[in-house]
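Reader: Got a minute to walk me through this fold? I'd like the sheets, what packs on them, and the ligand site.

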Amino acid sequence: MNRAAVVAGVGSCLPARAVPNDELARRLDTSDAWIRSRTGIAQRYVAAPGTATSDLAVGAGAEALKCSGLSAVDAVIVATTTPDRPCPATAPVVAARLGMTGTAAYDVSAVCTGFVYGLATGAGLIMAEVADRVLVIGAETFSTLLDPDDRSTTVIFGDGAGAVVLRAGSRADAGALGPFDLGSDGEGEALITVPAGGSRQRLSGQPPRADEQYFSMSGKEVFRHAVRRMTGSAKAVLDRAGWSAGDVDHLVSHQANSRITQHVAEGLGLPARRCFSNIAEVGNTAAASIPLALDQAHTRGVLRPGQRVLLTAFGGGLTWGSTVLTWPRLDRP
Ligand code: UT7
């Protein structure tokens with residue numbers, strides 16, 4: 001089969017307010033030096049009260065549609081850990097606000113791997129001829145999950161959104177996605193979790209305790225899993241694509257921690273100059289991280305037509321996933 005899902009547009013959206021490390025260090029027992037040296041982060045963006053995930057998703061989706069020259073698609077997929085509400089999904093309201101009532105729209109939940117899962121799902125719709133054009137958005141207001149007094153998570157995560165438009169094309173087209181590698185290990189469920197608020201640990205009407213209500217992460221253990229899984233998944237996808245590490249012009253990995261990216265690159269035999277990084281400016285934006293990085297790398301002229309790009313992500317679940325593409329010629333704003 002020659003049909004393929006081809007990247008036709010990218011976009012992103014960040015909240016207005018950047019929060020530098022020093023601002024957090026004024027109220028938490030942390031420092032700019034610790035955060036920079038342990039994570040590579042200098043600032044993150046935080047959405048104002050009243051700004052929801054769908055607001056950022058609409059901003060990124062509108063930019064990606066404009067970049068693609070399309071005004072509508074056949075399906076809208078939103079990858080998020082922080083939907084507007086537990087019910088319904090966020091994608092239908094995003095589609096409606098982008099002028100697409102009547103379009104298929106649903107959320108994908110795989111925490112920081114959500115965008116790669118969303119891309120695979122969108123590509124699947126195109127390959128199965130269910131859709132010819134799909135908008136895949138990664139969007140988060142992750143700050144809404146964080147315990148403001150927990151220095152181990154508050155310094156890492158940020159808010160934002162990124163989006164990609166996929167169109168039906170052929171495998172030889174620049175921008176054709178795939179192969180994919182996807183995986184999960186639910187035995188690691190407790191390593192990245194918001195314990196309460198779902199059906200397992202119900203909110204009973206009593207105010208929940210901070211350790212039940214907020215996001216928690218076993219940082220050191222997750223670090224090791226992230227390096228192992230992203231390296232293994234990236235190798236698997238390179239193998240399936242018939243590419244060697246030397247063929248990769250840019251690794252655009254989930255921006256979890258600059259030290260994680262460094263270890264993954266070392267494991268793959270990629271020099272640091274071929275790893276795109278924007279974690280210093282935006283922090284870890286979970287499902288938004290890869291499309292936000294793709295849009296910034298494209299807009300800044302780092303990703304150029306014909307270059308070979310490797311995407312890899314790891315997140316709660318545990319989940320991981322990777323894919324490859326040759327960067328297409330796209331409009332730049
Ligand atoms: O997005 C996908 C999933 N997430 C990830 O992949 C993130 C993976 N994990 C990490 O990035 C890192 O483990 C962290 C950045 C979360 C933590 O860095 P670390 O180098 O693994 O630090 P640690 O947890 O081992 O803590 C080292 C020390 C501890 O103090 P003691 O016990 O040595 O006295 C912590 O209490 O650093 C302390 N610490 C801090 N100190 C200053 C932890 N957080 C902070 C902080 N500021 N913000």
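**Sheets, helices and ligand**

Author: Start with helix 11. Helix 11 lies across strand 1, strand 6 and strand 7, running at about 80° to strand 1. Keep in mind that this is a predicted model.

Reader: Which sheet holds strand 1, and what is the strand order there?

Author: Strand 1 belongs to an open sheet of five strands, ordered 1-7-6-4-5. The pairing is mixed.

Reader: Which strands are at the edges?

Author: Strand 1 (3-13) and strand 5 (104-108) are the edge strands. Each pairs on one side only. On average, neighbouring strands of this sheet are turned by 20° against each other, direction ignored.

Reader: Strand 6 and strand 7: parallel or antiparallel?

Author: Antiparallel. Eight bridges link strand 6 (residues 133-140) with strand 7 (residues 160-170).

Reader: What is the bridge partner of A139 in strand 7?

Author: A161 is the partner of A139.

Reader: Back to helix 11. Which strands does helix 11 cross at about 140° to strand 11?

Author: Helix 11 (residues 289-299) lies across strand 11 and strand 12, and the 140° is its approximate angle to strand 11.

Reader: What's the order in the sheet with strand 11 and strand 12?

Author: The order is 8-13-12-11, four strands in an open sheet with mixed pairing. At its edges are strand 8 (180-184) and strand 11 (250-253), each pairing on one side only. The twist averages 15° from one strand to the next.

Reader: And which helix packs on this sheet, touching strand 8?

Author: Helix 5 (residues 114-127) does, and it also touches strand 12 and strand 13. The direction of helix 5 makes about 125° with that of strand 8.

Reader: Take me through the pairs. Strand 11 with strand 12: parallel or antiparallel?

Author: Parallel, over four bridges. In that pair, L251 stands opposite L310 in strand 12.

Reader: How many bridges join strand 12 to strand 13?

Author: Eight. Strand 12 (residues 308-315) and strand 13 (residues 319-326) run antiparallel. V309 stands opposite L325 in strand 13.

Reader: What about the turn in that hairpin: which residue takes a positive phi?

Author: G317, with a phi near 140°. The hairpin has three residues between strand 12 and strand 13.

Reader: And how many bridges does strand 8 make with strand 13?

Author: Five, in the antiparallel sense. D181 stands opposite S322 in strand 13. From strand 12, T312 also stands opposite S322.

Reader: Why is strand 13 largely enclosed by the rest of the structure?

Author: Strand 13 is largely enclosed because seven of its eight residues are buried.

Reader: And strand 12, mostly covered or mostly open?

Author: Mostly covered. Seven of the eight residues of strand 12 are buried.

Reader: New topic: the ligand. Which residues come nearest?

Author: There are 24 residues around the ligand, and T30, R151, K220, N257 and N284 come nearest.

Reader: What distance separates the side chain of T30 from a nitrogen atom of the ligand?

Author: 2.6 Å, taken to an N or O atom in the side chain of T30. For W34, an N or O atom in the side chain is 3.4 Å from a ligand nitrogen.

Reader: And N257, where does its polar side-chain atom lie?

Author: That atom of N257 lies 2.7 Å from an oxygen atom of the ligand.

Reader: How much of the ligand does the protein bury?

Author: 73% of the 950 Å² that the ligand exposes when taken alone.

Reader: Which elements give two or more residues to the shell around the ligand?

Author: Helix 2 (32-39), helix 6 (151-154), helix 8 (219-241) and helix 9 (258-268).

Reader: Which of them gives the most?

Author: Helix 8, with five residues.

Terms used. Residues numbered from 1 in each chain as written. Predicted model: local features only at pLDDT ≥ 70, side-chain atom pairs only at ≥ 80, totals over all residues. Heavy atoms only, no water. Pairing = 2+ DSSP bridges. Axes fitted to C-alpha atoms, helices over the stretch in contact; angles between N-to-C directions. Contact = heavy atoms within 4.5 Å. Buried < 20%, exposed > 50% of the residue type's maximum accessible area, 1.4 Å probe, protein only. Near = heavy atom within 4 Å. Polar contact = N/O pair within 3.5 Å; in protein donor to acceptor, adjacent residues only side chain to side chain. Areas by Shrake-Rupley, 256 points an atom, 1.4 Å probe, with all protein chains shown as cover.
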